[in-house]
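Biologist: I should like a close look at one part of this model, namely any empty space enclosed within it. Please then relate that part to its surroundings.

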Amino acid sequence: MKALGGGWDELLSPLFSDEKYLKIREFLKSEYSRYTVYPDMYDLYNCFRFTPLGGLKAVILGQDPYHEPGQAHGLCFSVKPGVPLPPSLQNIFKEIESDLGIREPDCGDLTKWAEEGVLLLNTTLTVREHIANSHSKCGWAWFTDSVIKLISENTLNTVFILWGGNARSKAPLIDGKKHLILQCAHPSPLSAYNGFFGCRHFSKTNEYLISRGKTPIDWDLNIKK
């Protein structure tokens, strides 16, 4: 595996040398060689590569990657340029417009958020094509739970944004005295009206960051003219 950079290699080295991770690697070797798996193996750790640890401001937790062609590229909820917006991402953009007055962008690529300091972490990092949650039992939960705990232990004043039951189950891994934990329903059309719409997590994140002397996140993905 290529180096991640940004301080992540040092933080995550105990995980990458753990027997549990070596088993995940063997599983992935088999899956990528026999099936179509998303994201591309070279995009697998993009969430770390695009967001240096020293610049981390917030963590958004997703579940597993999009499982249809051309969508997943290693950042939760994000899709590649030119790909139609999935329903959950449409609802995220609707909430941003309601919360901050930022109009919905044409593109669902969230790389700019990652570069702003938002770690877009799925709790499962890979998926077999067309089969949601197909890799959820391969060991990723141990890995990403460990990542969450390491971030909680080694950073200060990070905002953890937990949408939906899977993400909210990770709250006990986070030190709420050192960080802000924001929780609500998932932005999926099935649950967005049960508390996601109106959560104002984007403005609340920035208010917290400013109160802790950090630069707020620019959530606007529209190209500035």
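Modeller: The structure, which is a predicted model, holds one cavity of 30 Å³ or more. The volume of the largest cavity is about 40 Å³. Its lining is made up of Phe93, Ile96, Ile102, Arg103, Glu104, Pro105, Trp113, Trp219, Asp220, Leu221 and Asn222. By class, this lining comprises seven nonpolar residues, three charged residues and one polar residue. The charged members are Arg103, Glu104 and Asp220, while Asn222 is the polar one.

Phe93 and Ile96 of this lining fall within helix α4, residues 87-100. That helix leads from the enclosed space to the open one, for α4 and β3 are the elements that give two or more residues to the lining of the largest pocket. This pocket has a volume of about 510 Å³. Thirty residues line the pocket, and those closest to its centre are Gln63, Asp64, Pro65, Tyr66 and His186. Its lining consists of 15 nonpolar, 13 polar and two charged residues.

Strand β3 leads on from the pocket to the sheet. Four strands, in the order β3-β2-β5-β6, form an open sheet with parallel pairing. The edges are taken by β3 (118-122) and β6 (180-184); each has a single partner strand, so one side of each lacks a neighbour in the sheet. From one strand to the next, the twist averages 20°. In the interior of this order, β2 (residues 58-62) and β5 (residues 159-163) run parallel and are joined by four bridges. Within this pair, Val59 is placed opposite Phe160 of β5. In general, the strands of a sheet pair through backbone hydrogen bonds, in either a parallel or an antiparallel manner.

A helix pair completes the description. Helix α2, residues 19-34, packs with helix α6, residues 140-154, at an angle of about 130°, and their axes lie 9 Å apart. Angles over 145 degrees would count as roughly antiparallel and those from 65 to 115 as roughly perpendicular; α2 and α6 are therefore oblique to each other. Their crossing is left-handed.

To return to the part requested, the largest cavity, of about 40 Å³, has a lining that includes Trp113 and Trp219, whereas the largest pocket, of about 510 Å³, has Tyr66 and His186 among the residues closest to its centre.

Methods:
Residues numbered from 1 in each chain as written. Predicted model: local features only at pLDDT ≥ 70, side-chain atom pairs only at ≥ 80, totals over all residues. Heavy atoms only, no water. Pairing = 2+ DSSP bridges. Axes fitted to C-alpha atoms, helices over the stretch in contact; angles between N-to-C directions. 1 Å grid on protein atoms, 1.4 Å probe; cavity = no way out; pocket = protein on both sides within 12 Å on 5 of 7 lines; lining within 4 Å. Points joined across faces, edges and corners; volume = space filled by probe spheres on them. Parallel < 35°, antiparallel > 145°, perpendicular 65-115°, else oblique. Left-handed = near helix turned anticlockwise from the far one by under 90°.
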